[in-house]
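Please open the structure in your viewer and keep the selection tool at hand. The tour proceeds stop by stop, each beginning with something to select.

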Amino acid sequence: MRFTPRVVKESRVVRLQAIQKRDRLISAGCSSTKRKDWACLSTPEWRSAMESRVAYLEACLEVMADELDPDALADGSEPLFSFGVIADIQYADLEDGFNYQRSRRRYYRHSLVHLQGAIEDWNKERSPPSCVLQLGDIIDGYNAQYKVSEKSLELVMDTFKMLKAPVHHTWGNHEFYNFNRDFLANSKLNSKFLEDRIVQHPETTPSENYYAYHFVPFPKFRFVLLDSYDLSVLGIDQSSPKYERCMKMLREHNPNVELNSPQGLSEPQYVQFNGGFSQEQLNWLNEVLTFSDLNQEKVVIVSHLPIYPEASDSVCLAWNYMDALSIIWSHKCVVCFLAGHTHDGGYSEDPFGIHHVNLEGVIETAPDSQAFGTVYVYPDKMILKGRGRVPDRIMNYRREQALCF
């Protein structure tokens, strides 16, 4: 059979659909259930043969998944717009080191070279991204130890000046290792001036008590940046009532002497290097999502900390991630949740069709690789084109969310 471009494209779509169906079955627990049914309904020989065939099919699908070409699955249409993503740069003018467990190498000085490479790539794209999302931990906590925090931040922000697109900055734990909230609010890491104000709906305007806002990069698409250290013992005055409340919350869930240790915890996310969302911020998020529901917008949520356990190491989740999920799951507009923090990356589609993407960290990316991506947005899906450690991903919207233009 001769494979024309149309046949090749259609076969890729069929393969993608098969892979997605398999993933849905696995996530729903159907795969194991069906195999138990075979044990009841078949002979041992038949069951063994069928299981071999299933194993072979799964292996084939894994190979096919590696071969998926996001460009081919764009159906030849032009994206509505695109945006860049990068996480955990953690620059410091230091020799290479290791993470706290000494299990992974960290490339402190070379992370700036990776950022420069990402900016060069974004600037060369045929249609430059509408914006770039910097997912937090822009410089490493070691800068504070050597008293060069401001100098290192200035160097990284000067590098970002080469980018031909606005940058939206989230704040992570390493921001708070280096600076307090007052400093950050008055620094170049405060990108709130890029926010969208809905004058007729003042309830969608965030409070000054937390660092969060929303903006519209393209009609009918709203991005919401959350403050995942709104509840935290980092970066705030230790004599303040808020610090006392947050420390009380942390100690109620973590009795360890070392508060950065999850050892023995039933809720391992309650460690000092994580944080959470205040009820005030969650109420505001609910108002924004209500507005987006009513106006048939699609929403992408951005946070340093992830909130979906299937996409993240449980130690890296936001303290009260379930509170955030319950708000998000009560609305139809959210299509994607982007986070950093884990360094390893992660992905899962939740039961409501929301794609949770944790981006691989620049800091643990070897000099001969990369770690950033561009997300191309279409009426019916988003396609992440990753570089280096960041894999390509095709993220379809639920059918009722597809836009008609």
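Is Arg105 buried, partly exposed or exposed? Select Arg105 in this predicted model, and colour it by accessible area. Its relative accessible area is 37%. Arg105 is therefore partly exposed, since this value lies between the cut-offs of 20% and 50%.

Remain at this stop and display strand E3 (residues 105–106), where Arg105 is found. Next, add Ile363 to the selection: 258 residues separate Arg105 and Ile363 in sequence, yet their C-alpha atoms are 8.5 Å apart in space. Beyond its neighbours within four places in sequence, Arg105 is in contact with Asp96, Gly97, Phe98, Ile363 and Glu364.

The second stop is a sheet. Select its six strands, which form an open sheet in the order E5-E4-E1-E12-E13-E14, with mixed pairing. At the edges are strand E5 (167–169) and strand E14 (393–396), each of which pairs on one side only. From one strand to the next, the twist averages 20 degrees. Strands of a sheet pair through backbone hydrogen bonds, in either a parallel or an antiparallel manner. Now show strand E4 (residues 132–134) beside E5: the two pair in the parallel sense over three bridges. Within this pair, Val132 stands opposite Val167 in E5.

For the last stop, select Ser228, in the loop between strand E7 (221–225) and helix H9 (241–253). Ser228 is buried because its relative accessible area is 0%. The side chain of Ser228 reaches the backbone nitrogen of Leu305 at 3.4 Å. Leaving aside neighbours within four places in sequence, the residues in contact with Ser228 include Trp171, Phe277 and His304.

Notes. Residues numbered from 1 in each chain as written. Predicted model: local features only at pLDDT ≥ 70, side-chain atom pairs only at ≥ 80, totals over all residues. Heavy atoms only, no water. Helix = DSSP H or I, 4+ residues; strand = E, 2+ residues; numbered from the N terminus. Buried < 20%, exposed > 50% of the residue type's maximum accessible area, 1.4 Å probe, protein only. Polar contact = N/O pair within 3.5 Å; in protein donor to acceptor, adjacent residues only side chain to side chain. Contact = heavy atoms within 4.5 Å. Pairing = 2+ DSSP bridges. Axes fitted to C-alpha atoms, helices over the stretch in contact; angles between N-to-C directions.
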